[in-house]
Amino acid sequence: MLTEEQLTYIIELVKEYTGNIIERNKSYVIENKLQEYVERLTFDNLSEFIEYLKSTDASDIKKDIADILTVNETHFFRDETIFNCIEEYIIPQLIKQNSKTKKLSIWSAACSSGQEIYSLIILLKEKFPDILTWDLSILATDFSQRIIQNAKLAQYSEMDVSRGLLDNYLNRYFVFSNGHWILQDEIKKYVNFKQLNLTESLPIFEEFDLVLLRNVLIYFSVSDKEKILHRVKPHVSKNGFLILGSSETLININAPFVVDKLSNTHIYKPS
Ligand SMILES: C[S@@+](CC[C@H](N)C(=O)[O-])C[C@H]1O[C@@H](n2cnc3c(N)ncnc32)[C@H](O)[C@@H]1O
């Protein structure tokens, strides 16, 4: 059982490395998530490990802790309303806008284990196959190096593929091997994965037609949300779109984006 002081130490460590705020009532989650790591480093218990952390600069280990404690919850085609909006409004709009250049760029800015960006590519392949012959730039980033490795591997459990993925997509784009559903190269090949921390200056130099920043702002303070949104804005092209998670809004947030009133759900455009 973590003491109040140990809990504060871990919460502050995660905030320092990722900006994420862990609620104090999540003590048991912290203990469960860190247990295996603590055992692997051969500490007798979490208290001993935390005392060690306090006495060292070992930033690699501290980064690992922050990584382990990020929430990576995701699933294929998460939020049907948004995927319908991408299919019925955003992509047709981008096809119109970019028909001359035949270029399309997409950034999944908190991609977790890849389900979000892979769902989008499956959608393109199914509904807009011509677009896959365009000059595509598809970037997927996350703070967590561990989760990026999983995303690159694209090997999913039975449970993962049972959440949000239609059976015919599963059969068409995955092969079952050694207990995992492995996404085929014809989808994987489009994505460039990269580790990136949204709380730092962004090491990207591109503007994207579509930026997915879904279900990540909820973990930040209002002032950090605002900083992230200002940092992301230069990377959303003038006529591009920003999508947040369904429970995230920009109400009462000072952000350089406005709601796109033409869509029937909450998506944003740069202001
Ligand atoms: C709940 S998942 C959301 C995944 C996906 N966007 C979705 O909506 O299903 C949140 C992701 O944000 C990442 N994340 C948290 N803090 C971050 C930061 N400071 N920079 C980049 N990614 C971060 C986590 O590692 C995690 O994979």
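**A loop and a ligand**

Trainee: Where is the place of Phe 77?

Mentor: Helices here are DSSP runs (H or I, at least four residues), while strands are E runs of at least two, and both are numbered from the N terminus. Two of those helices, H4 (59-69) and H5 (80-98), flank the spot we want. So Phe 77 belongs to the loop between helix H4 and helix H5.

Trainee: Hang on, what kind of model is this?

Mentor: Residues are numbered from 1 along each chain as its sequence is written, and side-chain values use heavy atoms, leaving out hydrogens and water. Local features need pLDDT of at least 70 and side-chain atom pairs count only at pLDDT 80 or more, while totals for chains, interfaces and linings use all residues, as this is a predicted model.

Trainee: Is Phe 77 buried or exposed?

Mentor: Buried means under 20% relative accessible area, exposed means over 50%, and partly exposed is in between (1.4 Å probe, protein chains only). Phe 77 has 16% relative accessibility. Because that falls under the 20% cut-off, Phe 77 counts as buried.

Trainee: What is the phi of Asp 79?

Mentor: Most residues other than glycine have a negative phi. Asp 79 is in the loop between H4 and H5, and although it is not a glycine, its phi is positive, at about 75 degrees.

Trainee: Which residues does Asp 67 touch?

Mentor: Asp 67 lies in helix H4 and, at 7% relative accessibility, counts as buried. Contact means heavy atoms within 4.5 Å. Leaving aside residues up to four places away in sequence, Asp 67 touches Phe 143, Ser 144, Gln 145 and Arg 146.

Trainee: How many disulfides does the count come to?

Mentor: A disulfide is a pair of cysteine sulfur atoms within 2.5 Å. Cys 85 is buried, at 3% relative accessible area, and Cys 111 is buried too, at 1%. By the sulfur distance rule, the count of disulfides is zero.

Trainee: What share of the ligand's exposed area does the protein bury?

Mentor: Start with the polar contacts (pairs of N or O atoms within 3.5 Å; within protein, one must be able to donate a hydrogen and the other to accept it, and residues adjacent in sequence count only if both atoms are side-chain atoms). A polar side-chain atom of Arg 78 is 2.9 Å from a ligand oxygen, and a polar backbone atom of Leu 198 is 2.9 Å from a ligand nitrogen. Taken alone, the ligand exposes 600 Å² (Shrake-Rupley method, 1.4 Å probe; for residues, only the protein chains shown count as cover), and the protein buries 100%.
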